[in-house]
Amino acid sequence: MSSRADDGRDTVREFRDAVNMNPGELGKWLDTDDSKAAGWRRGGKGGGESVGHESGRRIIDLLRKRANQFTDRDFAHMRKVVGYVRRHMAQRPAGDVRNTRWRYSLMNWGHDPLKEPLPQVGGPSRKAQQRHREAERSSGRNRRR
């Protein structure tokens, strides 16, 4: 049986795994022309800010909040971000994606696919994987001495 607090922790964990850009990186990216040109707009091709760009601004706010400050709307947006990132990562085009609208759209949602890979659902978090790699490196150094 899972409590609402557990659900919130899981949502935050999945969100932090999906969003691999920090607030400064994401803010700098959102200021670029490539960021502003990428993504779907509610009003059609020429109208307004893209959905992903708007989401990126909201993601920056979420990354700066403490866990005890999250609202139900925040949790809903985190789940939306996780779903978007996972769906679009599954649609990765072939070849070099460095300068593609696919990558730019993901970056608007806080995920740069050129950084570390997205952890598997239900698997260890990105932080847990990083701690494991650091422990392996330090134990390897200790064995060589």
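User: Buried means under 20% relative accessible area, exposed over 50%, partly exposed in between (1.4 Å probe, protein chains only). On that scale, is Phe75 buried or exposed?

Analyst: Phe75 counts as buried, at 16% relative accessibility.

User: What kind of model is this, and what is filtered?

Analyst: The model is predicted: local features need pLDDT of at least 70, side-chain atom pairs count only at pLDDT 80 or more, and totals for chains, interfaces and linings use all residues. Numbering runs from 1 along each chain as its sequence is written, and side-chain values use heavy atoms, leaving out hydrogens and water.

User: Back to Phe75. Which ring does it pair with?

Analyst: Phe70. The pair is edge-to-face, with 5.8 Å centre to centre and 65° between the planes. Pairing here needs ring centres of Phe, Tyr or Trp (its six-membered ring) within 6.5 Å; planes under 30 degrees apart are stacked, over 60 edge-to-face, the rest tilted. Phe70 is buried too, with a relative accessible area of 10%.

User: How many aromatic pairs are there in the structure?

Analyst: Three. One of them joins Tyr84 and Trp109: the ring centres are 4.3 Å apart and the planes sit at 15°, so this pair is stacked. Tyr84 lies in helix α5 and Trp109 in the loop between α6 and α7, so the pair ties together parts 25 residues apart in sequence. Helices here are DSSP runs (H or I, at least four residues), and strands are E runs of at least two, numbered from the N terminus.

User: How accessible are Tyr84 and Trp109?

Analyst: Tyr84 is buried at 11%. Trp109 is buried at 4%.

User: Charges next. How many salt bridges does a whole-structure search find?

Analyst: Six. The test is a side-chain nitrogen of Lys or Arg within 4 Å of a carboxyl oxygen of Asp or Glu.

User: Which residues does Asp74 bridge to?

Analyst: Arg58, at 3.7 Å from N to O. Asp74 sits in α5 (residues 72–89) and Arg58 in α4 (residues 51–64), so that bridge ties together parts 16 residues apart in sequence. Asp74 also bridges to Lys65, with the closest N and O atoms 2.5 Å apart. Together, Arg58, Lys65 and Asp74 are linked in a salt-bridge network.

User: How accessible are these three?

Analyst: Asp74 is buried at 5%. Arg58 is partly exposed at 25%. Lys65 is partly exposed at 27%.

User: And Asp112, where is that?

Analyst: In the loop between α6 and α7 (126–144). Asp112 is buried, with a relative accessible area of 9%.

User: What does its side chain do with Arg103?

Analyst: They form a salt bridge, with the closest N and O atoms 2.9 Å apart. The pair also makes a polar contact of 2.9 Å between side chains. That term covers N or O pairs within 3.5 Å; within protein, one must be able to donate a hydrogen and the other to accept it, and residues adjacent in sequence count only if both atoms are side-chain atoms. Arg103 is buried, as is Asp112.

User: What else touches Asp112?

Analyst: Leaving aside neighbours within four places in sequence, Asp112 is in contact (heavy atoms within 4.5 Å) with Asn20, Met21, Arg103 and Met107.

User: Why call α6 largely enclosed?

Analyst: Because seven of its eight residues are buried. These are Trp102, Arg103, Tyr104, Ser105, Leu106, Met107 and Asn108. Their cover includes α2, α3 (33–37), α4 and α5. Just after α6, Gly110 takes a positive phi of about 90°.

User: Nonpolar core now. Which residues of the largest one touch the most other members?

Analyst: Phe15, Leu26, Trp29, Ile59, Met78, Val81 and Val85, out of 29 residues. Helices α1 (4–18), α2 (23–30), α4, α5 and α6 (101–108) each supply at least two residues. The largest share, seven residues, comes from α5. A core is a set of buried Ala, Val, Leu, Ile, Met, Phe, Trp, Tyr and Cys residues joined through side-chain atoms within 4.5 Å.

User: What does Met78 touch?

Analyst: Thr11, Val12, Phe15, Leu62 and Phe70, not counting residues up to four places away in sequence.

User: Where is Thr11, and what does it contact?

Analyst: Thr11 lies in helix α1 and is buried at 9%. Beyond four places in sequence, Thr11 contacts Phe75, Met78 and Arg79. Thr11 and Phe75 are 64 residues apart along the chain, yet their C-alpha atoms are separated by 6.7 Å.
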